[in-house]
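Subject: Structure handover

Hello,

Here is the structure I promised to pass on. Please open it first, then read the notes below it.

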Amino acid sequence: MVCLSTGARWSEAERSGPASVRNGVITFSGTKIGKVSSVPISADLQTLLLKHWRQHGPFTPAITSFRRALARTTIKLPKGQAAHVLRHTLASHFMQNGGNILTLQKILGHSTVVVTVRYAHLAPEYRATLFATALYLLRKRNSATFESKCHQSLRRVLRLELNS
């Protein structure tokens with residue numbers, strides 16, 4: 001539930017504890033890119049997590065149990081993507097519910113918006129609009145050098161779209 005609600009990687013969620021939740025925010029340290037990440041969570045999730053930790057203590061490794069449960073379903077995923085699909089699902093649902101791609105980029109901790117767009121599994125026609133909006137927002141608050149890098153990323157994504 002933590003991964004699906006926050007976009008955390010499985011290992012990041014397993015390492016979280018009561019000290020990582022405060023005022024409707026969960027903070028993950030030791031992320032893949034070595035940064036600290038803080039993500040808003042619902043009051044219901046905060047209550048559920050704190051209750052779990054009070055009653056059962058810290059999370060224990062459960063990825064094997066998750067993979068076994070997934071194997072009992074008809075869901076077929078690429079090898080190694082069992083838990084990671086939860087991050088992709090969060091990204092898709094976030095955007096489908098009107099989320100901002102730059103906010104999603106921060107939540108997932110991606111270094112470029114290109115990766116975030118890939119995670120969100122958006123329709124190709126929506127991607128072009130999304131990038132135009134993102135570039136507009138970035139132009140308003142960043143330097144010409146950064147904007148140039150964004151244009152390079154956009155061209156790369158459009159080439160990928162044309163080749164797929």
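Going along the sequence, the protein chain runs α-α-β-β-β-α-α-α-α-α-α-α. That comes to 9 helices and 3 strands. Please keep in mind that this is a predicted model.

Confidence

The protein chain has an average pLDDT of 81. A score of at least 70 is reached by 74% of the residues. Strand 1 (residues 21–22) has the highest confidence in the chain, at 96. Helix 9 (residues 144–163) has the lowest, with a mean of 55. Over residues 160–164 the pLDDT drops below 50. Beyond near neighbours in sequence, that stretch makes 2 contacts in the model. Where pLDDT is low, predicted coordinates should not be read in detail.

Overall numbers

The protein chain has 164 residues, and 37% of them count as buried. About 10500 Å² of the chain is exposed. Carbon and sulfur atoms supply 57% of that area. Now take the contacts in the chain with a separation of 6 or more: 43% of them join residues 24 or more positions apart.

Salt bridge

How many salt bridges does the structure hold? The count is 1. The partners are arginine 9 and glutamate 12, and their closest N and O atoms are 2.9 Å apart. Is this pair buried or exposed? Arginine 9 is buried, and glutamate 12 is buried too. As background, side chains of opposite charge can pair when their charged atoms come close.

Aromatic pairs

Searching the whole structure gives 2 aromatic pairs. One of them joins tryptophan 10 and phenylalanine 66. The ring centres are 4.9 Å apart, and the planes meet at 40°. The geometry is tilted, because stacked needs under 30 degrees and edge-to-face over 60.

What does this pair tie together? Tryptophan 10 sits in helix 2 (residues 10–15), while phenylalanine 66 sits in helix 4 (residues 63–71). The pair therefore links parts that are 56 residues apart in sequence.

Both rings belong to residues with intermediate exposure. Tryptophan 10 has 21% relative accessibility, so this residue counts as partly exposed. Phenylalanine 66 has 23%, so the label is again partly exposed. The cut-off for buried is under 20%.

When you go through the model, these are the places to look up: arginine 9 with glutamate 12 for the salt bridge, tryptophan 10 with phenylalanine 66 for the tilted pair, and residues 160–164 for the pLDDT below 50.

Best regards

Note on methods: Residues are numbered from 1 along each chain as its sequence is written. This is a predicted model: local features need pLDDT of at least 70, side-chain atom pairs count only at pLDDT 80 or more; totals for chains, interfaces and linings use all residues. Side-chain values use heavy atoms; hydrogens and water are left out. A salt bridge is a side-chain nitrogen of Lys or Arg within 4 Å of a carboxyl oxygen of Asp or Glu. Buried means under 20% relative accessible area, exposed over 50%, partly exposed in between (1.4 Å probe, protein chains only). Rings of Phe, Tyr and Trp (its six-membered ring) pair if their centres lie within 6.5 Å; planes under 30 degrees apart count as stacked, over 60 as edge-to-face and the rest as tilted. Helices (H or I, at least four residues) and strands (E, at least two) are DSSP runs, numbered from the N terminus. pLDDT is the predictor's confidence in each residue, from 0 to 100. Contact means heavy atoms within 4.5 Å. Accessible areas come from the Shrake-Rupley method with a 1.4 Å probe; for residues, only the protein chains shown count as cover.
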